[in-house]
Structures are given as structure tokens and as C-alpha cells.
Amino acid sequence: MTFADDQYEAARSFAYTMIVVDDEPIGAGMEAEPVVKVKTPGRGDVTTAKVTTGEPVSPELHSLKTKELIKSALELGLVCSIVNPKGDEDNVAKSVAKAALRADIVSLDWQMNNNDNGLLASEIIKEILCKDEEIGGRLRLIAIYTGDTDKQGILDNIAARLNATTEITSPVVKKDDELANSSGLRVIWRRKSLGNDKLADAVSEVQLPDELLKAFAKLSNGLLANVALSTISAMRDSTHHLLSKFSQELDGPFFHHRTLLENSSESMDYAVSIVMSAMKSEVDKSQISKRYATKEAIKRRLEVAGKDTFILRYEHEGSEKQFHFSLDEVLTIIEGSNRDKWPPEILTAAKARNENKNNTKPQNSYLKSDFSTLFSESRDAANQSMMRFSFLSSSNLSELSKVSRTVLPKLGLGSVLHSEQSGYLLCLQASCDAARGDGLFFFVPLNIVKSSPHVVVPHLGANGEPNYIGLEVPENCYTKSLTINFGKIDSAIGGISISFDGDRKIFCVNSNAKIEYRWLANLKYKRALRISQDVSQHMSRIGFDEFEPFRKKRP
């Protein structure tokens with residue numbers, strides 16, 4: 001078994017739907033147009049001018065065998081929808097784009113609308129990508145399934161048309177005979193066999209669903225991506241079973257819960273939380289980690305990198321040093337029981353090889369600080385990967401999310417702000433006071449750090465490129481804390497809303513003092529609460545000289 005097999009199985013469990021757009025579908029259930037022969041009429045014989053023979057029209061050159069395609073898709077568990085754009089060319093692009101939001105795979109013919117050289121197909125792709133950008137991008141596979149053999153010309157044509165569109169911000173580039181962008185798009189070309197199974201590079205309708213499923217699997221190019229696909233699949237599989245648990249009899253207890261809360265918005269969050277908790281229980285039954293996160297799965301993932309050696313990069317005495325490990329040595333370190341130091345036998349064996357002849361054995365401290373460099377091309381790249389992972393595990397909302405532009409976030413416990421004057425700030429205002437207080441919010445400063453941060457947030461650059469910043473709460477931060485007045489809290493929304501500046505593409509909130517603060521992220525509640533508790537513990541250790549008879553001793 002290989003990592004490609006893991007990818008395929010995860011993709012197969014996840015992918016449910018595919019949309020195929022073609023203007024020449026033929027197959028059972030689709031009536032062929034009758035042939036109309038023209039006969040020269042005799043004098044006064046108008047009725048004999050046209051004679052319908054009832055013979056079916058011969059299939060056109062690039063026809064699509066729908067029966068074979070749908071049957072093959074169903075055998076793989078895919079629901080396949082065939083869309084014939086004839087007669088609806090003006091509206092089909094928007095209709096397909098809307099449906100594609102819930103489709104996993106999209107396939108398009110190239111020559112449609114009277115051989116338009118891909119104009120309709122390109123328009124459909126553009127509309128799909130515009131919809132995807134509204135939600136911040138997504139993994140997206142689009143296949144051009146056509147009898148047109150000019151693969152390079154088709155891909156170049158699509159790239160040129162998409163990059164000329166101002167509505168799409170992520171540029172499309174051609175690489176390895178396919179198109180891609182930074183938002184998760186992949187456009188591929190597949191040639192129709194047209195009934196000729198001897199064409200080496202052609203794909204029949206029977207083969208197409210499996211071929212596209214394999215291409216879809218390549219979108220998830222990591223071990224965690226396989227876990228994510230399988231987890232989401234398990235959630236979808238258990239949906240109807242889960243719905244059966246939440247009957248109308250449970251509404252009464254929920255109403256009771258909401259009645260006793262001062263802030264009703266908390267009950268809305270609770271409603272979602274209890275559903276997510278039940279869903280987590282269902283997902284756990286699927287034992288996904290035992291299929292995609294085992295030692296064997298990790299080995300398959302590392303093998304696909306095609307490396308004979310993995311390089312540890314670390315900084316020692318002001319310069320970068322390197323040390324090489326084999327794949328088996330890396331696996332032993334990952335699965336080892338000692339997390340504080342390198343296994344001595346591993347270092348000794350690695351040091352004996354020629355590639356480490358002039359390299360010094362790394363100190364134990366580098367196990368914690370630089371182990372990720374084994375899987376990156378540089379220390380900077382490894383650091384950004386670490387920051388990004390930490391961000392996913394600790395943050396709830398951020399300026400990366402385009403959804404936040406329509407559903408605006410609120411200021412509260414765990415909000416991270418930035419201003420030129422004050423630097424990075426973390427809001428530690430209690431949730432109840434953030435929803436109905438007097439508009440005064442308590443903040444502590446955050447310092448930038450390169451390793452072991454308390455908080456990681458994305459701080460987008462001028463061109464929208466994400467840069468993950470590591471931040472820590474400094475010791476005695478309460479001595480530098482500040483209270484900012486953001487004005488009267490809007491009771492209708494239960495807090496202070498963050499606004500989005502469309503021109504500058506940033507989120508911001510203004511204080512009563514007319515100082516603008518840029519909003520970067522809201523931490524997950526438990527993470528923010530943990531930091532708040534740590535700060536409180538530091539404050540509780542403050543001591544001062546006190547008149548002994550009146551001093552109250554701590555229990």
C-alpha cells in the first residue's frame with residue numbers, strides 16, 4: 001500500500017457528486033431528434049414537402065455516452081448530474097456555478113455552443129471561481145473532457161481568460177500540463193475516447209469517474225488532508241443518524257437553558273456546540289486516526305517525498321548547521337518514548353555516515369525547536385508551517401476568512417488587535433462585559449517572538465499575502481495593560497462589531513479617541529480563557545507591606 005492509495009481511499013470516501021456539462025449527450029432516456037428529409041413537392045402538394053423518417057440522427061463527433069458515465073459513477077458512489085446547455089447558454093454558467101458550490105468534481109466539454117472554442121466552458125469556470133472566492137477559496141477540480149486534442153492550447157486559453165478577469169484575484173498558472181492557483185484550483189484536460197479504446201491517452205465514459213477521482217485525490221497532498229477528508233466524510237455519513245437524535249422534545253430543555261441566560265447570544269453558540277459535540281462522538285466511531293495517522297501511514301507519507309535523507313537545520317553560534325537522518329531514523333524519533341532528547345543510538349548511527357562526516361551532533365534542545373525543518377526546504381519555511389499549524393489550533397476567526405466580511409466578527413475575549421501606536425494587543429474582557437458593558441475593554445500587550453508563541457495570528461501584507469506572526473504575553477503584562485473605550489455597546493448585536501474596509505481589505509474598529517485598531521483574529525474561547533487565567537495568577541502574587549493586625553491571611 002502506498003500514500004497514493006491513502007489519498008485515493010480518503011478522496012473516494014469524501015467525494016459524493018460530480019457535474020458534467022456537455023452539449024452532445026446521448027444515451028438511454030434521451031430521445032434522438034428525428035431526421036427530416038426534404039422532398040420537392042408537386043403542384044399544390046404542400047403537405048409532402050417534409051417527410052419524417054423517424055430515423056435517429058447520427059451522433060456528432062464529440063458526443064458523450066451518458067448511460068455508461070452515470071452507471072460507472074454510481075458504482076463508485078458518485079451522484080452524477082449531466083447538464084446539456086443547449087437552449088440555455090445565457091444562464092447555464094451561473095446555474096452550474098451555484099450547483100458547483102456543493103459539487104466535488106466538475107467536468108466540462110470544450111467545444112459547445114456551436115464550436116465556440118471554449119468560450120462557454122471558460123465562462124462557467126470563471127463563474128465557479130468567483131463563487132469560490134466569495135467563501136475564501138476551496139479545493140476545486142475542474143476537468144476539460146473533450147475530443148479536442150489541443151491540450152496545451154486549451155489550457156493556455158483558459159489561463160489567459162481567467163487572468164484577464166478582474167473578479168478573480170488569485171492568478172492561474174500552468175504547471176505540469178495542468179492549471180492551478182494558490183486558492184486550491186486544479187484544471188486538467190482529458191481526451192474523449194469517442195469509442196476508440198486503442199487511443200493511448202484517451203479516457204472512455206466508463207473510465208472517466210475513476211480517472212477524475214484519482215485526480216481529485218491529488219488535491220489532498222498531505223497526511224492531515226487525508227484525515228480531514230475522511231473526517232468530513234464520516235460527518236456526512238452520520239448526518240441522518242445524528243438528526244434523529246435531535247427531536248422536537250429537546251427544544252423545551254434548550255428554551256429553558258436560554259431563559260436562564262442574561263445574554264441570549266450565548267445560547268445560540270451553545271446550540272451549535274451541543275450538535276458539534278454529538279457529531280464528534282459519531283466521527284470517533286469511524287476510527288479515522290487508525291487508518292490515516294498511524295506509524296505506517298506516516299511512513300507512506302514520508303516515502304512519497306522521494307528522499308534518501310532528511311536534513312535537520314538549526315542555528316548554532318550564529319550560523320546554520322545541518323545534520324542528516326534516514327527515513328527509518330526519522331520514524332524512530334517520531335515514535336520514540338523520550339521527548340526531551342535525541343535517541344543516542346540514532347545520533348551515533350547517523351554520525352557514522354559520510355553525509356554527516358563534517359557535521360556536529362545536534363544538541364537535545366534542537367529536537368523541540370527545529371525538528372520541523374526535516375520536512376521543509378528552509379528554517380523560515382518550517383517556521384511559517386509551525387506558525388500556521390498553531391494558528392489553526394488556537395484561533396477561531398481571522399482576517400484570512402472572507403466569510404467574516406459578510407458576517408462581521410465582534411470584539412471580545414481573545415480578540416487580537418494591532419495599531420502603529422500600541423503594537424499588538426490581546427483583549428481579556430470577560431464575555432459577559434463585552435456583550436453588555438459600558439464599552440470599556442481591557443487589553444494586555446503582546447510581543448513578537450520567533451519560537452514558542454502563546455498566540456499566532458495572520459497579518460496580511462499589502463498584496464494580501466499571509467504572514468503568520470508569533471506573539472507572547474510578556475511577564476508582568478498587567479503593568480502595561482490598558483483600557484480602551486469603544487463607545488456604547490449595541491444591545492441589538494450584543495457587542496462591538498468589527499467593520500471591514502473594502503478599499504484597504506482590512507478589518508478595523510475605532511475607539512472613542514478616534515484611534516483606529518486593526519482586527520487580526522479572535523482566539524478560540526478556551527485558549528483565550530487559559531491566557532486570562534495565567535495573567536490573573538501573576539496578578540494574584542502581587543504583595544505589599546500591610547499593617548499586620550488588620551491583614552487577612554489567605555486560607
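**Exercise 1. Contacts and overall make-up**

Task: Find what share of the protein chain's contacts with a separation of 6 or more comes from residues 24 or more positions apart. Then describe the chain as a whole.

Solution:
- Step 1. Take the contacts with a separation of 6 or more; residues 24 or more positions apart account for 69% of them. The model is predicted.
- Step 2. Count the elements. The chain has 18 helices and 26 strands.
- Step 3. Check burial. Of the 555 residues, 41% are buried, where buried means under 20% relative accessible area.
- Step 4. Turn to the surface. The chain exposes about 31,700 Å². Carbon and sulfur atoms supply 52% of that area.

**Exercise 2. Helix α13 and its cover**

Task: State which residues of helix α13 are buried, and which elements help to cover them.

Solution:
- Step 1. Locate the helix. α13 spans residues 327-335.
- Step 2. Apply the cut-off of under 20% relative accessible area. The buried residues in α13 are L327, E329, V330, L331 and I333.
- Step 3. Look for the cover. Helices α12 (295-303), α14 (344-351) and α15 (365-370) are included in it. So are strands β13 (310-316) and β14 (319-325).

**Exercise 3. The second largest pocket**

Task: Give the volume of the second largest pocket. Then work out what lines this pocket.

Solution:
- Step 1. Start with the volume, about 1,200 Å³.
- Step 2. Count the lining of the second largest pocket: 30 residues. Nearest the centre lie D269, N396, K410, N522 and Y525.
- Step 3. Assign the lining to elements. Those that give two or more residues include the helices α10 (265-284), α17 (431-436) and α18 (525-540). The strands β15 (395-398), β16 (410-411) and β26 (516-523) also do so.
- Step 4. Find the main contributor to this lining. α10 gives the most, with 7 residues.
- Step 5. Sort the pocket lining by class. There are 14 nonpolar, 11 polar and 5 charged residues.

**Exercise 4. The largest cavity**

Task: How many cavities of 30 Å³ or more are there? Describe the lining of the largest cavity.

Solution:
- Step 1. Count with the 30 Å³ cut-off. The result is 1 cavity.
- Step 2. Read the volume of the largest cavity: about 70 Å³.
- Step 3. List its lining. The residues are L129, D132, E133, G137, R138, I168, N181, S183 and L185.
- Step 4. Find the main contributor. Helix α4 (residues 119-134) gives the most to this lining, with 3 residues.
- Step 5. Sort the cavity lining by class. It divides into 3 nonpolar, 3 polar and 3 charged residues.

Notes
Residues numbered from 1 in each chain as written. Predicted model: local features only at pLDDT ≥ 70, side-chain atom pairs only at ≥ 80, totals over all residues. Heavy atoms only, no water. Buried < 20%, exposed > 50% of the residue type's maximum accessible area, 1.4 Å probe, protein only. Helix = DSSP H or I, 4+ residues; strand = E, 2+ residues; numbered from the N terminus. Contact = heavy atoms within 4.5 Å. 1 Å grid on protein atoms, 1.4 Å probe; cavity = no way out; pocket = protein on both sides within 12 Å on 5 of 7 lines; lining within 4 Å. Points joined across faces, edges and corners; volume = space filled by probe spheres on them. Nonpolar A, V, L, I, M, F, W, Y, C, P; charged D, E, K, R; others polar. Areas by Shrake-Rupley, 256 points an atom, 1.4 Å probe, with all protein chains shown as cover.
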